[in-house]
Amino acid sequence: MIEQTGWAQDSLLEQAFCDAEAPIRQRRSGKLQNQNRIAQVALDLPLEVCESGSPEEILASGRVLARALAAHVAQEDRLFFARSFCGSVIATFWSSVEGNRAPHIPLRGQFTNHRSFEMQEPAASLAVSMGKAAARMDVIAASYCIGAAYTALLPEQMRSRWGVYYTPPTLVHRLLDAATIAGVDWRSCRVLDPACGGGAFLAPVAARIVAENHHLSAGELFDALSRRLRGLEIDPFAAWASQVFLDAVVLDVCREAGRRLPVVVEVCNSLLQPAAEGEFDLVIGNPPYGRVTLKPEVRKRYARSLYGHANLYGLFTDLAAQLARRGGVIAYVTPTSFLAGEYFKSLRALLAEDAPPVNIDFVVARKGVFEDVLQETLLATYKRAKRIASASVHFIVPAMGDSLVVEPAGTFSLPCRSSDPWLIPRSADEEPLVAALRSFKHRLRDYGYEVSTGPLVWNRHKRQLRRTASARTLPLIWAESVTSNGEFVFRAGKKNHEPYFEIHAGDDWLKSDRPCILLQRTTAKEQNRRLIAAELPKRFLSENGAVVIENHLNMIRPINGTPQIQARILTAFLNSEIVDRAFRCISGSVAVSAYELEALPLPPPERLLTLRDSLRSTGDRKAFEARCAALFQA
Ligand SMILES: C[S@@+](CC[C@H](N)C(=O)[O-])C[C@H]1O[C@@H](n2cnc3c(N)ncnc32)[C@H](O)[C@@H]1O
């Protein structure tokens, strides 16, 4: 029998994750704080569905049932239910996988100081069925299914606060392949996942190291795995699960070597780890995302990549650039927002200067890839090098089973000014367009326009919305006034919308009395166009003296005097297909920010004068589109 090697037990670290439930705990009565609460989960659920079918089906239906059971657990006990339930699943999984063969390797001990939740029927039997089913699967697929059950059972507040969404194996393998192409050598690499969750990356990385080092003896392989793998994770339960799945993946090596892997996953807040000189050949993972407020000392540590609001995944990207060695690779799953967003301009500059991209894969799927995640997602590899000539781009579409459809979409290079948005082709056909955009030096500002957002956040001023006009009201312009064919229609037909706004003392900043082009700030994913603009008619403005523009609209206004390009021409141009395609090479998001509009490269202003005649002479939309497209030929 192989001895139990102790789990790094550190109550402070356990505390870090449990901080998330502090408000809940404070509300809990003293009695409940001191004893484990046993919930009444006697339900009439169809548990037999968990007895037959493929392991995947059993785990999927088991997850749904477990969630239904969790709904009957008191809110303050949900975390403990999730951990105890999944702890039982993992214990059963381990004993089936381990099989009690010699030398026997017992299940690794859990961190000690968490309250266990006494499992009652039917939850206890359900956990056993799921554990047995998981043991019939490939270890990596099993770890994902068990992880998916854990994340589904976590209290929602904690899940979103820590960004707990585990990565499916197909995307993990794709990212490992991309890391290989970027230069990772599995025979020698040191690898870190700084937010390792349930081990989605660590276990497959270990499997690759084993596969690529078959020339080594079991003892040498064991040493290599022990020295070269490292994970950090704030959730002690997930850290333990990571370590167990790692044990399962390298079980044969450990048996042959007669030893159990040491603890390689540390429970900690990765962002507060002492800054270390880069030592890893690969920093890989799917870091958490979401806006955070930072303490001044943390802000200072990440100051080089921050501009305005901090986002967790931006901080983890900076951390990766600190921890990867020169020449090392960073391979991350992240939202796409950093490609163009203003808040990420310092991060873009950091990446451009320190770890430029080698490949970007856009994940084409809104729902279902990551359970409950709506953010646009990408897989990126970066190399800590001074320059990379160009990066490749792919679209990856999760397909039937475990497969991925991969569509190449060309290449891109970083902008000259390192903080500018990255112009990336969204299909192979867009490469010439991106080349043209890169050659354009002009922006809206050179056309004589600036962009800002409509000032009225309506729900902060609900009581000033009016159905009828009076001497104290101004027309209130909602995004619905900008129609999809580029016209302005004064209307307020949507729920909660009213057509007028009553101006109170001190509201002058809400009034707009200058001509402008209105452009919708958000569009629906299914809509053909991202850029939908209409000119606010001068007559409407002069008849009313001023208007109030709601926050879902961008206002494109002349900087001063008469701009080079007439508003009528600019509006039609912005509504053209080619400008829409150009904009999509900056942002794949449905949101259209003032910053991104101002950053859009445009043809020289004098070339737009050719559009004037075309607009005047015919209403022929096709001819106009062709003229606009011609302006984007490099
Ligand atoms: C998006 S999940 C990804 C987990 C895993 N790498 C995967 O791909 O399945 C992010 C993980 O980061 C952890 N996390 C959040 N904040 C953290 C922090 N400050 N330090 C360490 N881990 C953190 C969460 O608990 C969660 O497990």
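**Reading helix pairs, a loop and a ligand shell**

Guide: Let's start with one pair of helices: α5 and α7 are roughly antiparallel to each other. Please keep in mind as we go that this is a predicted model.

Visitor: Happy to. How should I read a helix pair, and what angle do the axes of α5 and α7 make?

Guide: In general, a packed pair is described by two quantities, the angle between the axes and the distance between them. Here the axes of α5 (residues 78–98) and α7 (residues 139–153) cross at roughly 160° and come within 9 Å. Angles over 145 degrees count as roughly antiparallel, which is why α5 and α7 get that label. As for handedness, α5 passes α7 in a right-handed crossing.

Visitor: Let me try the next pair. At what angle do α9 and α10 pack?

Guide: The same two descriptors apply, angle and axis distance. Helix α9 covers residues 169–181 and helix α10 covers residues 202–212; they pack at about 50°, with 10 Å between their axes. That angle makes α9 and α10 oblique to each other. The crossing of α9 past α10 is right-handed.

Visitor: And α10 with α12: what are the angle and the axis distance there?

Guide: Helix α12 spans residues 236–249, and α10 packs with α12 at about 25°, their axes 9 Å apart. Angles under 35 degrees count as roughly parallel, so α10 and α12 are described that way. Here too the crossing is a right-handed one, with α10 passing α12.

Visitor: Now the backbone. Which peptide bonds are cis?

Guide: The general expectation is that most peptide bonds are trans and that most residues other than glycine have a negative phi. In this structure, the bond from A102 to P103 is cis, with omega near -10°. Another cis bond joins E121 and P122, where omega is about 5°. P103 sits in the loop between α5 and α6 (123–135), and P122 is in the loop between α5 and α6 as well.

Visitor: What is the sign of phi at N100?

Guide: Positive: N100 has a phi of about 55°, although it is not a glycine. N100 is also found in the loop between α5 and α6.

Visitor: Let's turn to the ligand. How many residues surround it, and which are the closest?

Guide: A useful way in is to list the shell and then look at individual atom pairs. There are 22 residues around the ligand, with G163, T167, A195, E233 and N269 the closest. By class, the shell comprises 14 nonpolar, 6 polar and 2 charged residues.

Visitor: Which side chains bring polar atoms to the ligand's nitrogen atoms?

Guide: Among them are N269, with a polar side-chain atom 2.7 Å from a ligand nitrogen, and D193, with one 3.4 Å from a ligand nitrogen. On the oxygen side, a polar side-chain atom of T167 lies 2.4 Å from an oxygen atom of the ligand.

Visitor: Is the ligand mostly covered or mostly open?

Guide: Covered: on its own the ligand has 590 Å² of accessible area, and the protein covers 99% of that.

Conventions. Residues are numbered from 1 along each chain as its sequence is written. This is a predicted model: local features need pLDDT of at least 70, side-chain atom pairs count only at pLDDT 80 or more; totals for chains, interfaces and linings use all residues. Side-chain values use heavy atoms; hydrogens and water are left out. A residue is near a molecule or strand if one of its heavy atoms lies within 4 Å of it. A polar contact is a pair of N or O atoms within 3.5 Å; within protein, one must be able to donate a hydrogen and the other to accept it, and residues adjacent in sequence count only if both atoms are side-chain atoms. Accessible areas come from the Shrake-Rupley method with a 1.4 Å probe; for residues, only the protein chains shown count as cover. Ala, Val, Leu, Ile, Met, Phe, Trp, Tyr, Cys and Pro count as nonpolar, Asp, Glu, Lys and Arg as charged, and the others, Gly among them, as polar. Axes are lines fitted to C-alpha atoms, for helices over the stretch in contact, and angles run from 0 to 180 degrees between N-to-C directions. Helices (H or I, at least four residues) and strands (E, at least two) are DSSP runs, numbered from the N terminus. Angles under 35 degrees count as roughly parallel, over 145 as roughly antiparallel, 65 to 115 as roughly perpendicular and the rest as oblique. A crossing is left-handed if the near helix is turned anticlockwise from the far one by less than a right angle, and right-handed if clockwise.
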